[in-house]
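Colleague: Could you take me through one stretch of this model up close, and then follow the helix packing outward from there? I'd like to know which residues do the touching.

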Amino acid sequence: MKILVCGDAMADIYWRGNVTRVSPEAPVPIVAVAEEEKRDGAAANVANNVEALGVPVERIFGSGQRIRKIRLLAKNQHHCRIDFDYPQTPIEADASYEDALSRCEIVVLVDYAKGSLSKVQALIAKAKEMKRLVFVDPRGHDFDRYRGATMLKPNREEMKELIGGWATQDELDFKSRQFLLASGIESILLTQAAEGMTLYTRQDTVHVKAEHLEVVDVSGAGEAALAGYTAAIAKGYKPLEAVTYANRAAGIAVSRFGTAIVTEAEVFGG
C-alpha cells in the first residue's frame, strides 16, 4: 500500500553555539554559532516518518518560499525561535493530484494553516470519489472544511475547537461520539501528550497510556503519531490496533531532540 502526503512542508533549522559574553548593544547574550542542522518538518516530517516505517510515499507540498523555523541553542538550552512564514500556493484537486491518488490508497493531509490546504474540501472530495482513505492533521477554527475525512488527528487544544470544552472524561467521550455522528467523519485520533491518546470511532473508544520514555522534546510528536497510525493501517492493522503503534511512535519521538525520525524496527519490531 502506498501513501500520498500533502500539505504544508517546513524546514526545521537548529543553530548551535556557545555564549561567552553579553552584547555591548543590548543586555542580551551573544551566541557564537558553530553548527547548523536542517531537518524536514510538518508535512515533510510526516512523509519521512511514514517512509522510515516501511511504507512507500508520494509527496505533494504547497509551493512558494520554504517556511523555516530556526531554533537558536547554546549549551543545549533553547534561547529563541525565529520563524520565516510565507504563504503557500494551494494544492489543487487537479489532474496531477488525481494521478498521484491513482497510485496511493491513503492520502494524509497535514494542515498548518500556511495556505497549501486552503482548498482541502476539494482534495477530500476527490479522494473520497476515488474511494481513498483520508487522514487529516487539522488546524484552525473551521473544522467543517474537513467534512468527509476518514480520520482527524487533533491535539487537546484543537479538540476544544472541534467539540467545545469538557469537564469530565465521560463528557469528552460523549461529545466526541456525537461529533462523529453529525460530521460525516469516521474517527478521531486525539493525541494528549503525557496522557497518551484516544481513538474514537462510531462504534468504539480505545485509550492507550503514553509510553514512559524520558521526554526530551515534544516537537514533532503529533507528526510521528500520525505517521505511526498511517503506516499501521497501510500494513493491514485495524484502527483499534493502529492506535498502539501511533502511541509508540510518538513516545519514541519525544525521547529525541527536535523533529525526529522513528524506524520500522523500533515501532513494529523485527
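Modeller: Sure, and keep in mind that this is a predicted model. Let's begin with Ala42, which sits in strand β3. Its relative accessible area is 2%, and the cut-off for buried is under 20%, so Ala42 counts as buried. The backbone of Ala42 has a positive phi, near 55°, in a residue that is not glycine.

Strand β3 covers residues 29-42, and helix α1 covers residues 43-52. Helix α1 is mostly covered, with seven of its 10 residues buried. Those buried residues are Ala43, Ala44, Asn45, Val46, Ala47, Asn49 and Val50. What do they pack against? The partners are the strands β1 (3-7), β2 (9-22), β3 (29-42), β4 (57-61) and β7 (106-110), along with helix α6. After α1 comes Gly54, another residue with a positive phi, this time near 95°.

Now for the α6 partner. Two packed helices are described by the angle between their axes and the distance between those axes. For α1 and α6 (residues 221-234), the angle is about 40° and the axes are 8 Å apart. Angles under 35 degrees would count as roughly parallel, and 65 to 115 as roughly perpendicular, so this pair falls in between and α1 is oblique to α6. The crossing of α1 and α6 is right-handed. On the α1 side, the contact uses Asn45, Val46, Asn49 and Val50, while α6 brings Glu223, Leu226, Ala227 and Thr230. By class, that contact has four nonpolar, three polar and one charged residues. Asn45, Val46, Asn49 and Val50 also appear among the buried residues of α1.

Moving along the chain, you get to the pair α2 (residues 95-102) and α3 (residues 120-129), whose axes come within 11 Å and cross at roughly 40°. These two helices are therefore oblique to each other as well, and their crossing is right-handed. From α2, Tyr97, Glu98 and Leu101 meet Leu123, Lys126 and Ala127 of α3. That contact splits into four nonpolar, no polar and two charged residues.

Past α3, in the loop between α3 and β8, is Lys131. Like Ala42, Lys131 has a positive phi without being a glycine, with a value near 60°. Its surroundings are another matter: the relative accessible area of Lys131 is 75%, so it is exposed.

In the loop between β8 (133-137) and β9 (151-152) you find Thr150, which is buried at 6% relative accessible area. Its contacts beyond four places in sequence are Lys128, Arg132, Leu133, Val134, Phe135, Ile185, Glu186 and Ser187. The C-alpha atoms of Thr150 and Thr201 are 10.0 Å apart, with their positions 51 residues apart along the chain.

Helix α4 (residues 156-163) holds Glu158. This is a charged residue by class, yet Glu158 counts as buried, at 9% relative accessibility. A polar atom of the Glu158 side chain lies 2.9 Å from the backbone nitrogen of Asn155. Leaving aside neighbours within four places, Glu158 is in contact with Asp137, Pro138, Arg139, Phe143 and Lys153.

The partner of α4 here is helix α5 (residues 169-183): their axes come within 10 Å and cross at roughly 60°. That makes α4 oblique to α5, and α4 passes α5 in a left-handed crossing. Met159, Leu162 and Ile163 of α4 meet Leu172, Lys175, Ser176 and Phe179 of α5. The tally for this contact is five nonpolar, one polar and one charged residues.

Finally, the loop between α4 and α5 contains Gly164, which is partly exposed at 25% relative accessible area. Apart from residues within four places in sequence, Gly164 touches Met159 and Lys175, and both of those also take part in the α4 and α5 contact. Gly164 and Ser176 are 12 residues apart in sequence, and their C-alpha atoms are 9.9 Å apart.

Methods: Residues are numbered from 1 along each chain as its sequence is written. This is a predicted model: local features need pLDDT of at least 70, side-chain atom pairs count only at pLDDT 80 or more; totals for chains, interfaces and linings use all residues. Side-chain values use heavy atoms; hydrogens and water are left out. Helices (H or I, at least four residues) and strands (E, at least two) are DSSP runs, numbered from the N terminus. Buried means under 20% relative accessible area, exposed over 50%, partly exposed in between (1.4 Å probe, protein chains only). A polar contact is a pair of N or O atoms within 3.5 Å; within protein, one must be able to donate a hydrogen and the other to accept it, and residues adjacent in sequence count only if both atoms are side-chain atoms. Contact means heavy atoms within 4.5 Å. Axes are lines fitted to C-alpha atoms, for helices over the stretch in contact, and angles run from 0 to 180 degrees between N-to-C directions. Angles under 35 degrees count as roughly parallel, over 145 as roughly antiparallel, 65 to 115 as roughly perpendicular and the rest as oblique. A crossing is left-handed if the near helix is turned anticlockwise from the far one by less than a right angle, and right-handed if clockwise.
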